[in-house]
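Visitor: Please take a close look at the aromatic pairs in this model. After that, show me what else stands out around them.

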Amino acid sequence: MSNADDRLGPPERLVRTLGSEPVDGAARQWLKALPETAQEYLRHWELTLERVQAPGGRSSMLLLVRQSDGTPAALKLCPPGTTAALEYAALERWNGLCAVRVLRADPEGGALLLERLHGDISLRSLPEQKAQLEAAAVLQRLWVPAGESHPFPGVTEHTAALAAALRGHREQPWAADVRPLVDEALDLRDGLAADTAEPTLLHGEFDQGTVLAGDRAPWLAVGPRPLVGDRAYDLAWLVRDRADTLLASPGAAAAARRRVSKLADSLDLPGERVRAWTVFRAVSTGVSALATGHPRPAELLLEFAGLL
């Protein structure tokens, strides 16, 4: 019988995501042991549980805790061997500069103790134009040299794997209607130059929802999936932000293109590269969603890509 605190059960969103993995898979095994794992970190790091954050993420569990001196913090638990080590390396490189600060870490075990931010207040709480200006300011500060002997994968390497998967999906019967868009996305990705000689550290999953209000600074980034390479890659999800609202408005295509131009200009980047990465990432993610039986997010992403 488990001795774990009943409050340490993983959120339903995380269970749904990892519950689709093979029963004997590492992710499912990690999920099964998660309450005991969480309790062990609480004990070892002398943390007092307040509650598990819900609905939480799809690949990690976040616990709101207090340290032994009463300071609030957030304990993030990820499956070992996934993204925790890279996230930790990126956050350490930023050292609190426009990003959440690491208080303690066991990166190989998938555990990060982070400073507590206001998780219910992201840039999406601001009007769109103000949110995009604040997001651009945060992102510009995050773009620092990756450093010598860095552990981060490159954009070219990362997107080569995405492109290979996209080519495989293209041949499926259900993909017939989206093949022209897939072909454009693949051509755009192939036309982008290789990573720069002095690679820039990228957030990798940056959008308005990954920038939260803090006490130490007004806005701090969280949840990186760090890469190194072309800065324009990091703007793709920011361009796509609030796509559902944009698609429902008159002149959606013109508005989407203006968004690309404004963001590119604000960060002194070529608009054609921002557009290319946005189309590729939206199509790649949208087609992957179709392949896994999630038509609603897929349709939104593919419709948005088609406007560009």
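Guide: The model is predicted, and it holds 3 aromatic pairs. A pair of aromatic rings is described by the distance of the centres and the angle of the planes.

Take tyrosine 41 and tryptophan 45. Their ring centres lie 5.1 Å apart. The planes meet at 55 degrees, so this pair counts as tilted. Tyrosine 41 and tryptophan 45 are both buried.

Now tyrosine 233 and tryptophan 277. This pair is edge-to-face. The distance is 5.2 Å centre to centre, with 80 degrees between the planes. The two residues come from distant parts of the chain, 44 residues apart. Tyrosine 233 sits in the loop between strand S10 (227-228) and helix H7 (236-240). Tryptophan 277 belongs to helix H10, residues 271-291.

How accessible are these two? Tyrosine 233 has 1% relative accessibility, so it counts as buried; the cut-off is under 20%. Tryptophan 277 has a relative accessible area of 2% and is buried too. Phe280 also enters the picture: ring pairs link Tyr233, Trp277 and Phe280 into a cluster.

Next, the strands. Strand S3 covers residues 72-77, and 5 of its 6 residues are buried. S3 pairs with strand S2 (residues 61-66) through 6 bridges, and the two run antiparallel. One contact to find on screen is leucine 62, whose bridge partner in S3 is lysine 76. S2 and S3 form a hairpin with 5 residues between the strands. There, glycine 70 takes a positive phi near 90 degrees.

S3 also pairs with strand S5, residues 111-115. Here 5 bridges join the strands, again antiparallel. Look for alanine 74, which stands opposite leucine 114 in S5. As background, in a regular strand the side chains alternate between the two faces of the sheet.

Another sheet is open and has 3 strands, in the order S6-S8-S9. Its pairing is antiparallel. The edges are strand S6 (118-122) and strand S9 (219-221), and each of these pairs on one side only. On average, neighbouring strands of this sheet are turned by 55 degrees against each other, direction ignored. S6 is joined to strand S8, residues 211-213, by 2 bridges. Within this pairing, histidine 118 stands opposite alanine 213 in S8.

Last, a pocket. Rolling a probe the size of a water molecule over the atoms shows where empty space is left. The second largest pocket has a volume of about 360 Å³. Two elements give two or more residues each to its lining: helix H4 (128-142) and helix H9 (252-266). H9 gives the most, with 6 residues. The lining includes Glu128, Gln129, Gln132 and Leu133. Leu246 and Ala255 also line this pocket. So do Arg258, Arg259, Lys262, Leu263 and Ser266. By type, the lining divides into 4 nonpolar, 3 polar and 4 charged residues.

To go back to the request, start your viewing with Tyr233, Trp277 and Phe280, the cluster linked by ring pairs. Then turn to tyrosine 41 and tryptophan 45, the tilted pair. From there, move on to S3, with S2 and S5 as its antiparallel partners. Finish at the second largest pocket, where H9 gives the most to the lining.

Terms used: Residues numbered from 1 in each chain as written. Predicted model: local features only at pLDDT ≥ 70, side-chain atom pairs only at ≥ 80, totals over all residues. Heavy atoms only, no water. 1 Å grid on protein atoms, 1.4 Å probe; cavity = no way out; pocket = protein on both sides within 12 Å on 5 of 7 lines; lining within 4 Å. Points joined across faces, edges and corners; volume = space filled by probe spheres on them. Helix = DSSP H or I, 4+ residues; strand = E, 2+ residues; numbered from the N terminus. Nonpolar A, V, L, I, M, F, W, Y, C, P; charged D, E, K, R; others polar. Pairing = 2+ DSSP bridges. Axes fitted to C-alpha atoms, helices over the stretch in contact; angles between N-to-C directions. Phe/Tyr/Trp six-rings, centres within 6.5 Å; stacked < 30°, edge-to-face > 60°. Buried < 20%, exposed > 50% of the residue type's maximum accessible area, 1.4 Å probe, protein only.
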